[in-house]
Every structure is written in C-alpha cells, then in structure tokens.
Amino acid sequence: MLFWHSQPEHLWPSPGELYPGPPSSLLREALPLPYLKQEEPPNIPHAEPPCPAYQYVLCAATSPAVKQQEETLTYLNQGQSYEVRMLCNPKLGDATQGPRLLKSVVRVVFHDRRLQYTEQQQLDGWRWSRPGDRILDIDVPLSVGVIEPQVLPSQLNTVEFYWDPAKRTSLFLQVHCISTEFTPRKKGGEKGVPFRLQIDTFKPCDKELSPEHLHSAGCLIKVFKPKGADRKLKTDREKIEKQPVHERDKYQTACESTVFMECSPWPEPSSGPHPPLSPLALTSPNSCKLPPERLCSSPPFALDTLGGSPAQDLNPGASILETQQWLHRHRFSNYCRSLANFTGTDLLKLTRQDLIQICGAADGIRLFNTLRARPIRHRLTLYVAQEASRQENEVPKNPDSGFYQEISLDELSAVELMGKLAELLALPANQIHRLFHQGPGGILILLSDQVVQNLEDESYFVAVVKKVQNPDGYYLVLT
C-alpha cells in the first residue's frame, strides 16, 4: 500500500525523507542534497552545483560492499514490485508552464560489455526458454500517476508510460529475469551478471517530429531469485562488519534508496514497425556525466532500421550522433557503445586490425569492408534519347527529348527496362504494350529477357514512341 506525506509544494524532498526506514549501523539516510530545497544551507558558497531538472529514486537499498568511486549496486528480487519515484524539480520554473505530460521509457539492459556484443542472441535464447514471459513489467495496480502504460510485445525489456510532472508519480516495476540466467556457469546469484535499469524522459511532439529528449538516468542492479536479494544484502553487511575500521573506509556507506545517475540517452532507430523514440537525433544537456566505460547507452535489443533504404557512405565530417545512426543503419548497433565517442573521421582512420580488435574477426572485417566499400556497379548501362518531334511547331512531350540519358539495369529483364523507359519518357507504364529493338535490315525484334541480357553494355539508342489503337497505348522501338 502506498502512503503519501503532506508537504509544501515548493519542497523537492530527498530520498531519505521520501522513504523512511529503520536506522542501522551500516545504513544511513540518503544525502539530503540541500541544493534541491529552496533554503540555502549555511557555510556553502553561493555558486551551487547545477540542479537536475528530473530525478528518479528506486526504493531499494544499495549494497555496502561497493568500493569508493565505483557505481552503486542494488539487489532486487525476481518478480517483486519495486517503487520508482519520478521527481521533477519545481525550482527550475513553474511546472504548469512546461509540458503537461511527459513520456518516459524504462529499459533493463546488459552492463557487461561481453554480453552487449551478443545481446540479441542472449535475449532470443531467453525468449525461447521462457515463452510468454517478459523481462520487465509494470505493476499497474500499485503505480500512481502513471498514464497510458504500454508494454511492447517485440521488446521484452522495455516499458513506456506518460506522467504529469506537476503531480506525484510512483512507478512500480517488476524484473523477471535473474542475473544467473546469462552466466555460463549457473552456480548462484552471487556470480550473476549485473544489469542497468535506465529511464529516458521525453517531451512529446507532433507525430511528424521526433520527441524532444529531456533527461536520462540509470542505476546498476543485480536480480536474484525470491528472497535472494535480502540474503545477499545481509551477507554484504556481515562482510563489511568483519573488516577493520580502516578497511571500511574503502567502501561506500549503503543508502536505503537508490538515486539514478545521469547518463547518455538510449540510442534508438529512427524508423521501424513500431515508431520508437529517437534520442540519437537529439543532444542531452546532461549527457556524458559518467566515464565511457559506464555509459548506459548499450545497444538496443530489437532493431529494424534497414527499411530497404540504400546504403550510404560514412561522411568524414559526420558528427558523433550521425556516426551512431550510420552504425545502426548498417547493422553494427552492437558496437555503438564501444564507438560512442567516434566521429566519422575517427572511424575512417581505424585500420583493419583496429576494427578486428574492437568488434571481433567477423564483424571487424565486415565493418572495414563497409567503410571502404566502393559504389556497386550496375550490371548494364544504356543511354537513351527520345526521338525529337518532326514538326517544327510541335512541342515534344518530354522536355529532355533529344538528349541522351542514362538507364541502369540490375535485374536485366524486359519488365525492368520497360519501367525505366516509361519513367524516362513520362509515359504510363501500364500503357506500353510492346517493346521492340530495331535489328538488321530494319526488322523489329521483340525485346525479351534474353535479348536484354545480350545487349552490349553502354550502348546508346533513340526511343521512338508509336501511338496504337485497340488497345489504346504505345509501342516503343529502340533504334
């Protein structure tokens, strides 16, 4: 059951105030973050650190067995509902002046770089072994202020919802996969792999425009079987209690709740069967707060970015975001995190051996060949001009008549050639009934696939259009 506290509207509470808990020698209240309140504490210079506009707090204690300068680690039980408080800082302006509703996307992703390279295969295997189950779910009955929650069937690790920043919002999440399901040797939860829980928040825009990215933050989690997280947390506490006092200073003091750390936005495809958000096309003002090895922008689980669009060469002047989009389009999304800070020039300077070391032998060679690929040569190239009008006062139908234009063929079929000629001569393709080639002695040869395949490359012709009746249409003769 969820209990609300009555407090002034101007106060942005700290996690310790939001989630009171029993005192402990190893647990302390979360940092009060005095700069989040309106009053200024004494003995603090006027130049305050920048205050984040949004903050997400997970109601689960952090592990005390994490060394200083390392990212906090939180243990969760499989299938248990955990509250995530969505906070908006009213100090940055009246909430009524901002967007009425915001859209947030929550994901569970791999933190281990080794698993990121085989992410899709890992998830496909999990889907096969757990048919009908999901990695991440929303506990809707417990959630408060969550509007239009959506669970994407094609993305087992992703949920979406809308929320009002001017109102209290509590999101209850359930993680159904445990960390040991992705380890080679399943000997218990302690050897399981860590996950990242990331939230990206956007300002909805018109359907024609991509949503505006506002904020991204994430935290490191490990998921255990039911009650396993409590046992692991107790084990960590006992481990630290046995350490000498001077050794305890090397470890972080555990907090009763987990504050998400700001990170880079999640890279998304720009198109697909389910039009997703596209934070890659936007710049986050709070991105790159963590070192490169801690970036949350792991490759997405499901990609459908090809869409039949033609491949494009990487421009040496491409920015970091444009380079990431190019990697997505050419099916190198698994390495977007490893190449997160590369521009087009940086990527083109890498040697074949460099790419093999980064991406492995198979994908490294494929990426090298893609970067150095030459334009694909068409199988047959013809040059065609339309016969000019014989009457001086008659204006040709096609303004380009009399000039030779290039036609490139890949399938070497009569249908392909007829379609290209119809486009060139501005004629309806369904009204061209016959296509002929003028042979020796002026005879007309019906152009079949075999005749097209035997045409000499870079030949040139004059297309003569003949109007015919019954049925109404045209004959084309290449002379």
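Biologist: So a strand here is a DSSP run of at least two residues, and strands are numbered from the N terminus; which strand holds His213?

Modeller: This is a predicted model, so please read every answer in that light. His213 lies in strand S11, which covers residues 212–224.

Biologist: Is His213 buried or exposed?

Modeller: His213 counts as buried, because its relative accessibility is 4% and the cut-off for buried is under 20%.

Biologist: What does the side chain of His213 make a polar contact with at 2.6 Å?

Modeller: That contact joins the side chain of His213 to the side chain of Ser216. In addition, a polar atom of the His213 side chain lies 3.4 Å from the backbone oxygen of His215.

Biologist: Switching topic, where is Val108?

Modeller: Val108 sits in strand S5, residues 102–110, and it is buried, since its relative accessible area is 2% against a cut-off of under 20%. Its C-alpha atom is separated by 6.9 Å from that of Thr158, although the two residues are 50 apart along the chain.

Biologist: Now the sheet with S15 in it: what is the strand order?

Modeller: Six strands form an open sheet with mixed pairing, in the order S16-S15-S19-S20-S17-S18. The edges are S16 and S18 (444–446), each of which pairs on one side only, and neighbouring strands are turned by 35 degrees against each other on average, with direction ignored.

Biologist: How many residues of S15 are buried?

Modeller: Six of the seven residues in S15, which spans 380–386, are buried, so the strand is mostly covered.

Biologist: And in which sense does S15 pair with S16, parallel or antiparallel?

Modeller: S15 and S16 (residues 405–409) pair in the antiparallel sense over five bridges, with Leu380 standing opposite Leu409. With S19 (residues 459–468), S15 runs parallel, and five bridges join the two strands; there, Leu382 has Ser459 as its bridge partner.

Biologist: What about S17 and S18, how many bridges do they have?

Modeller: S17, residues 432–438, and S18 pair in the antiparallel sense over three bridges, and within that pairing His437 stands opposite Ile445 in S18.

Biologist: Last one: which strands does helix H10 lie across?

Modeller: Helix H10, residues 414–425, lies across S15, S16, S17, S19 and S20 (473–478), and it runs at about 155 degrees to S16.

Methods: Residues numbered from 1 in each chain as written. Predicted model: local features only at pLDDT ≥ 70, side-chain atom pairs only at ≥ 80, totals over all residues. Heavy atoms only, no water. Helix = DSSP H or I, 4+ residues; strand = E, 2+ residues; numbered from the N terminus. Buried < 20%, exposed > 50% of the residue type's maximum accessible area, 1.4 Å probe, protein only. Pairing = 2+ DSSP bridges. Axes fitted to C-alpha atoms, helices over the stretch in contact; angles between N-to-C directions. Contact = heavy atoms within 4.5 Å. Polar contact = N/O pair within 3.5 Å; in protein donor to acceptor, adjacent residues only side chain to side chain.
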